[in-house]
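Here is a short report on a protein structure. Please look at the sequence and the model before reading on.

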Amino acid sequence: MQITIHVQVLVAVFAIALIIGAVTSKTNFCAMGAVSDWVNIGDTGRMRAWVFSMAVALTGVIALESAGIASLSGDTFPPYRTANFAWIRYLVGGLMFGVGMTLASGCGNKTLVRIGGGNLKSLVVLAIGAVCAYLMLWTPLYETAFLPWVAATAANP
């Protein structure tokens with residue numbers, strides 16, 4: 001059996017996912033847990049780890065763009081960098097995300113870790129999240145239900 005590049009990529013991604021999952025499970029890494037620890041008991045340990053992970057991700061993106069490996073200009077889908085400031089989108093999206101994390105008992109990362117541990121509630125959460133993401137990205141739902149009132153409130157420079 002010849003091992004193709006596709007199989008090599010899948011094995012590499014699986015190995016990386018396995019390592020990240022083990023680290024996440026062992027360290028109890030969770031965005032909601034970080035905020036909860038900081039607000040409720042004043043412990044900033046998980047919050048510092050969360051902020052550090054964002055800094056590492058940003059550094060990686062900057063390095064990939066500088067090397068010409070990736071391009072995240074305004075032409076990408078979804079557009080990560082735009083000239084307008086859609087403040088209502090950020091408020092409503094943040095509210096929906098926060099309520100969803102609370103109802104799901106954690107963020108998407110924690111959901112995946114719990115699925116690996118056999119939690120059936122997290123499997124339902126993943127299915128609902130996947131369907132909602134599909135509807136928002138690949139159907140006209142966003143353009144018809146959200147874009148008209150979100151675009152009207154966007155601040156253009």
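The report covers a surface patch, a helix pair and two residues that sit in contrasting settings.

This is a predicted model.

**The surface patch**

A nonpolar patch of about 660 Å² lies on the surface. Its members are Val131, Tyr134, Leu135, Met136, Leu137, Trp138 and Leu141. Helix H6 spans residues 120–138 and contributes the most, with six residues. Trp138 belongs to helix H6.

**Two residues, two settings**

Is Trp138 buried or exposed? Trp138 has a relative accessibility of 58%. Exposed means over 50%, so Trp138 counts as exposed.

Thr111 sits in helix H5, residues 108–116. Its relative accessible area is 5%. Buried means under 20%, so Thr111 is buried. Which residues does Thr111 touch, leaving aside neighbours within four places in sequence? They are Gly106, Ser122, Val125 and Leu126.

| Residue | Relative accessible area | Class |
|---|---|---|
| Trp138 | 58% | exposed |
| Thr111 | 5% | buried |

**A helix pair**

Now take helix H4, residues 87–104, and helix H7, residues 141–152. Their axes come within 9 Å. They cross at roughly 125 degrees. Angles of 65 to 115 degrees count as roughly perpendicular, and those over 145 as roughly antiparallel. The crossing fits neither class, so H4 is oblique to H7. On the H4 side, Ile88, Arg89 and Val92 make the contact. On the H7 side, Tyr142, Trp149 and Val150 take part.

Terms used:
Residues are numbered from 1 along each chain as its sequence is written. This is a predicted model: local features need pLDDT of at least 70, side-chain atom pairs count only at pLDDT 80 or more; totals for chains, interfaces and linings use all residues. Side-chain values use heavy atoms; hydrogens and water are left out. Patches are made of residues with over 30% relative accessible area and no salt bridge: like charges are joined within 9 Å, nonpolar side chains (Val, Leu, Ile, Met, Phe, Trp, Tyr) within 5 Å. Accessible areas come from the Shrake-Rupley method with a 1.4 Å probe; for residues, only the protein chains shown count as cover. A salt bridge is a side-chain nitrogen of Lys or Arg within 4 Å of a carboxyl oxygen of Asp or Glu. Helices (H or I, at least four residues) and strands (E, at least two) are DSSP runs, numbered from the N terminus. Buried means under 20% relative accessible area, exposed over 50%, partly exposed in between (1.4 Å probe, protein chains only). Axes are lines fitted to C-alpha atoms, for helices over the stretch in contact, and angles run from 0 to 180 degrees between N-to-C directions. Angles under 35 degrees count as roughly parallel, over 145 as roughly antiparallel, 65 to 115 as roughly perpendicular and the rest as oblique. Contact means heavy atoms within 4.5 Å.
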